Amino acid sequence: MIQRRDFHRPVRRAALAAALAASCLSLAPAFAAEFLVGAELPLTGALARVGNGMHEGVHVAAEVFNKANGRHKIRLVSIDDESTPAKAIAAVEKLASQGVLAITGGYGSNNIAPAAEAANRLNLVYMTSGGVDDSLVSAGRKNFFRINNTAGYERAVLGLIGDMGAKSVSIVYSTKDATTDLALSVQKALAASGVRAEAHSFDPAITDFKPVINKIRLQDRPDVILMAGYENDYVGILRAARVLKPPVKAMVGVWSLATPKMAAEFPDLMPHVYGTALLPFPATFETADGKAFSDAYRQLYRKEADYLGQFGYVQGMLLFEAIARAFDKGTLAKGGIADELRKTDRDTLIGRVQFAANGDNPHFVHRMGQHQDKKIVIVWPKQYATGPKVYPGVPW
Amino acid sequence: MTELLLQALYSGLLQGGAYALIALGLALVFGTMKIINLAHGELVLMAAYVAYAAESALGWHPLAAIVLALPATGLTAAGMHWTVSRIRADREINSLLLTFGFAVVLTNGFLMLWSADVHSTSSAWLQDALVLGPLYSMHSEALSFAISLALLAGLWWWLARSWHGRALRAVAANRDCAMLMGIAPGRTELLSFVLAGALAAFAGVALYCHGVIQPALGGALTVKAFIITVLAGLGSIPGVLAAAILLGICEALTVTLASSALQELTGMVLFLVVLFVLPNGLFGTARRRG
């Protein structure tokens, strides 16, 4: 015969076990996961300026993500690749050994290619906004993603030149991969549309541009001079052009030119010069994402964000969101981050972002800005323009 | 075509003057102590950053910053000499490593102090065009060329006529004999380093006035200075000017007649050709072995 005391003990035990199981299950959704993400960028060396700018944007993305997403937290580990390919590979390998889930960063297609190759070998997603060379997405790396590309810059430059009605263009470009890619692609497109286009390459170490600008002035006699280089190149070219005064309609550059920093640093060289710009300056952010970005940037760095910060923010945020989704679905260890990135279709500060099978963003189209009275006015495309073009677009 | 070539020659001449100013300090130390100061480019850059700081923070004209740049580079050069003079064995190789270390420290120091942004003078006059008939340049380039000529002439006179200059040449020729003649080699070598630092100050201020500066520039300046020093020949000050102008003109003609992408290659090819034909440089004298 079962005594009353013996009957109640198993029931109490079962009830206690059920209560414990219920409390464990209810705790699980409240568990916050910390994700270790690697940032490999040039913080020193020739590309330090752009690397630090991107780094700031990625940090802001982590800050905003951690604040907005109460369940998950991003912890960034940054390694300086010193603007060299060998150090970029070493940085990726070191980050992998530290157990990062993915890597973001990289600047300069020459440095990104080997770093992305190393990340691919280690089965780590590599997300960047610093490499626009087409070879980056044609190398078959399944873990490589980027939010901008040469085609987007090309469309913007060709759109502006077309709007200007230029009949001839001289292209001065640095022999680095991305600038060469862009310059030759633009030259080909201009020639196909009946515009005479001469291309003049220059070594990145060159400092005196007067011989090449003089050649353009005396031999090419173009309507527009297109510059594809970096900040120090633009300064040298514009200085030489200011001395020689070629009779052109406009001086047009690509990245790193239509920025508030260039306007502040070189006020005599920037007036009426064109360059790519996502936002006017001063910028106003209408979306919640934009406001969060702007506020966090100002709080962290006590200054206004520039295009590098904007790109760094977008690449970081997209990656962090993909990691969080992959974790929630339990696919982190099974290539889930790459899968989630491929499913991404989002409006961001740089426009709509989606990733094609090769990791490229097919929707990327840049905008063209012009320095006008210490501001940057968006002049192309028409639907985003904040003001008209000013002619001649030259600083003399 | 004539106009194109004339401008190329003129630009090359002015660029050569700028190169000579940068190379002078390295040539002096190399000639006297047989030491290649791999941080020489960073000394030049230090002066350029001092000029930037004076202009941006104090509102000075960049040329006036020379009074700040001189002690900065002079003291740094003295510090470099102090460490180099402590090398007891294999001075030529070990000084390369030591000065390379200095270069890395200085480059990262500039990065920490002034970030990686590019800088240049905002003085309108320095950047305005100087037009001489069909020839164009900036005021700063012509000024830099004039300063370069003046300093080269001054240094050449000082080495030839002053007691300290002759002492320096004596130490370079034979250190032990110089000591026997009552010359203190240690102090003379310190003088050559400090003088190199002072020359770097002028070069750096001139660079800031006509070019663009950023922390990573130092290495490229050192390489250029080294090429010119070797082309000139050991201990030849007039050779520095000739080699620098030759390099500047060859580069400008390459850009004009061929492609700007080949400019740096021209320098290297010239370096190899001259060394092959004249192993002691353009103005160097053969030295007896043993």
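This passage describes how chain A and chain B meet, how two domains of chain A meet, and where a few single residues lie.

The structure is a predicted model, in which local features need pLDDT of at least 70 and side-chain atom pairs count only at pLDDT 80 or more, while totals for chains, interfaces and linings use all residues. Residues are numbered from 1 along each chain as its sequence is written, chains are lettered from A and ligands numbered from 1 in the order in which they are written, and side-chain values use heavy atoms, with hydrogens and water left out.

We can start with the meeting of the two chains. Chain A contributes 34 residues to the contact and chain B contributes 36 residues, where contact means heavy atoms within 4.5 Å. Between them the chains bury about 3000 Å², and 55% of this is on carbon and sulfur atoms; buried area is the accessible area (1.4 Å probe) that two parts lose on being put together, summed over both. Across this interface there are 5 salt bridges, each a side-chain nitrogen of Lys or Arg within 4 Å of a carboxyl oxygen of Asp or Glu. A salt bridge joins B:Asp117 and A:Lys261, with 2.7 Å between the closest N and O atoms. The interface also holds 16 residue pairs in polar contact (both at pLDDT 80 or more). A polar contact is a pair of N or O atoms within 3.5 Å; within protein, one must be able to donate a hydrogen and the other to accept it, and residues adjacent in sequence count only if both atoms are side-chain atoms.

On the chain A side, two or more residues each come from helix H2 (48-68), strand S7 (196-202), helix H7 (210-220), helix H8 (231-244) and helix H9 (260-265). Helices (H or I, at least four residues) and strands (E, at least two) are DSSP runs, numbered from the N terminus. H7(A) gives the most to this side, with 8 residues.

B:Ser120 offers a closer view. This residue sits in the loop between helix H4 (91-114) and helix H5 (124-127) of chain B. Not counting residues up to four places away in sequence, B:Ser120 touches A:Arg239 and A:Phe266 as well as B:Glu55, B:Tyr208, B:Gly211 and B:Val212. A polar atom of the B:Ser120 side chain lies 2.5 Å from the backbone oxygen of B:Gly211. With a relative accessible area of 2%, B:Ser120 is buried (buried is under 20%, exposed over 50%, partly exposed in between; 1.4 Å probe, protein chains only).

Within chain A, the domain assignment gives domain 1 (8-149 + 286-354) and domain 2 (151-282 + 367-384); such bounds come from an automatic or database domain assignment. The centres of these domains, taken over C-alpha atoms, are 33 Å apart, and each domain gives 16 residues to their contact. Together the two domains bury about 1500 Å², 54% of it on carbon and sulfur atoms. Of the area that domain 1 buries against domain 2, A:Arg49, A:Asn149 and A:Tyr307 supply 32%, more than any other three residues. The domain interface has 1 salt bridge, and 6 residue pairs are in polar contact there (both at pLDDT 80 or more). A:Arg49 forms a salt bridge with A:Glu231, the closest N and O atoms being 2.9 Å apart.

Finally, A:Lys329 belongs to helix H11 (residues 307-329) of chain A. Leaving aside neighbours within four places in sequence, A:Lys329 is in contact with A:Glu340 and A:Lys343.
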